[in-house]
Amino acid sequence: MKPMRQYLATLVVVWTGASIATYFYSQQQNIPASLAIAVLPAFLIEAAFYLAPGFAAVRKAFDALGSRSLRAALLVASAVLPYLVEAPRTGTFRMSSLFALLAAAVLVTFWYVGIRHSLPVDLAFLAVVGTVSLSSLFDQIYGQPARHVPLAILGRLMWARLGIMSVFSLRGIEDPRFGFVPSAAESRTGFLYYLFFLPVGGTLAYFLGVGRFHPPSLEWWKLGLLVIGTFLAFFWVVALFEEFFFRGFLQRLLERSFGSAIGGLAAASIIFGLAHLPFRHQFPNWRFAIVAGTTGVFYGLAFLKSGSVRASMVTHALVVTTWRVFFAAPN
């Protein structure tokens, strides 16, 4: 019971923070209160679903609900619920969008229902998850009812946790120590491989011309808040999603297939780099893909060293924060 209480306590904290953030954001961006109130419940519902995969007790309770078909159907229902809550109230509801959302959710959740998993099946699943994630599908489905109210984030959060729960509950894998809060040891490992990456990544980025040092002109406390906010945003969303699939799932699949931890790391890093070819819509952006593939090596090493996705998430979020805050891509 205690682990479930941890999930509920975390949810209360997240809901409180989200409600406060919504108020201040709507005030700052001059968003009508009626629109903020219409959107907030959908984000609170999605937050409850998004947190669930990070708690083993919640995953175990979900697995006990019934057959894989039933669990897949429940995941599909959870995928469309936030949309059904906000879209009619914001005037963005479209039946075609609902069907597209249903189709995507059914595809990913029922992938492993009745299909015996194998390396080709797993790789095809990852390709589908990655393709949809990189597409503009959720921008088209959710729309933007007003300026500074991009609702596609609801779809991207949904897609991340839907894929993760499908792998955990419907395919079944050994837990790669997945979660939202790293231990002290995982944090040290993640930070260590971030330090190892800096001279390599900095040198590579310089010679490839993919970035220039461009620190923001902010007071020290504002800079500190920017760094912390950027780190947490990427740690809990982008790094969580990408590290689960590329390190916790793909790297281990390839390691078993090759019979070599280094072989799995190398192959996963190459694929990770190739996934960044469309960076900034400059396809094929080979220079950035090379840098991204190199970062993947250090993320993978952090994962190998710790056996934990949370450690590679730390490395990943630190690298991206450094890039976003202190560097800017050349025009």
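## Notebook: salt bridges, helix packing and surface residues

I found that Arg 310 and Glu 186 are both buried. I note at the outset that the model I consulted is a predicted one.

**Entry 1. The pair Arg 310 and Glu 186**

I next looked up how these two residues interact. Arg 310 forms a salt bridge with Glu 186, and the closest N and O atoms are 2.8 Å apart. The pair connects distant parts of the chain, since Arg 310 belongs to helix α13 (residues 309-326) and Glu 186 to helix α9 (residues 184-208), with the two positions 124 residues apart in the numbering. I recorded the general principle beside this entry: side chains of opposite charge can pair when their charged atoms come close.

Which residues are linked with Glu 186 in a network of salt bridges? I found that Arg 177 and Arg 310 are linked with Glu 186 in such a network.

**Entry 2. Arg 177**

I then turned to Arg 177. This residue is found in the loop between α8 and α9. Its relative accessible area is 37%, so I entered Arg 177 as partly exposed; the range for that label lies between the buried limit of under 20% and the exposed limit of over 50%. I also looked up the backbone of Arg 177 and found phi near 55 degrees, which is a positive value in a residue other than glycine.

**Entry 3. Further salt bridges**

How many salt bridges does a search of the whole structure find? The search finds 10. I examined two further examples.

In the first example, the side chains of Arg 247 and Glu 243 meet in a salt bridge, at 2.6 Å from N to O. Both residues lie in helix α10, four residues apart, which is about one turn of the helix. Are Arg 247 and Glu 243 buried or exposed? Arg 247 has a relative accessibility of 0% and therefore counts as buried. Glu 243 also has a relative accessible area of 0%, so Glu 243 is buried.

In the second example, Arg 71 forms a salt bridge with Asp 63, and the closest N and O atoms are 3.6 Å apart. Arg 71 counts as buried because its relative accessibility is 9%, whereas Asp 63 is partly exposed because its relative accessible area is 32%.

**Entry 4. A nonpolar patch**

I looked for nonpolar residues on the surface. Ile 228, Leu 232, Trp 236 and Val 237 form a nonpolar patch there, with about 320 Å² of accessible area together. I followed up one of them, Leu 232, which lies in helix α10 (residues 220-258). Leu 232 has a relative accessible area of 31% and is therefore partly exposed. A residue needs over 30% to be part of a patch, so I noted that the value of 31% for Leu 232 meets this requirement.

**Entry 5. Packing of helices**

I began with the general description: two packed helices are described by the angle between their axes and the distance between the axes.

Helix α1 (residues 2-28) packs with helix α2 (residues 33-51) at an angle of about 150 degrees, and their axes are 10 Å apart. The angle makes α1 roughly antiparallel to α2, because angles over 145 degrees count as roughly antiparallel. The crossing of α1 and α2 is right-handed.

Helix α3 (residues 56-63) packs with helix α8 (residues 152-171) at an angle of about 60 degrees, with axes 10 Å apart. The angle makes α3 oblique to α8. The crossing of α3 and α8 is right-handed.

**Entry 6. The loop between α1 and α2**

I looked up Asn 30, which lies in the loop between α1 and α2. Its phi is near 55 degrees, a positive value in a residue other than glycine. The relative accessibility of Asn 30 is 68%, so Asn 30 counts as exposed.

**Entry 7. Distances in sequence and in space**

Finally, I compared separation in sequence with separation in space for two pairs.

Phe 99 has its place in helix α5 (residues 95-109) and counts as exposed because its relative accessibility is 52%. Phe 99 and Ile 141 are 42 residues apart in sequence and 9.5 Å apart in space, C-alpha to C-alpha.

Thr 131 has its place in helix α6 (residues 119-134) and counts as exposed because its relative accessibility is 53%. Thr 131 and Leu 11 are 120 residues apart in sequence and 30 Å apart in space, C-alpha to C-alpha.

Key:
Residues numbered from 1 in each chain as written. Predicted model: local features only at pLDDT ≥ 70, side-chain atom pairs only at ≥ 80, totals over all residues. Heavy atoms only, no water. Patch = residues over 30% accessible without salt bridge, like charges linked within 9 Å, V, L, I, M, F, W, Y side chains within 5 Å. Areas by Shrake-Rupley, 256 points an atom, 1.4 Å probe, with all protein chains shown as cover. Salt bridge = Lys/Arg side-chain N within 4 Å of Asp/Glu carboxyl O. Buried < 20%, exposed > 50% of the residue type's maximum accessible area, 1.4 Å probe, protein only. Axes fitted to C-alpha atoms, helices over the stretch in contact; angles between N-to-C directions. Parallel < 35°, antiparallel > 145°, perpendicular 65-115°, else oblique. Left-handed = near helix turned anticlockwise from the far one by under 90°.
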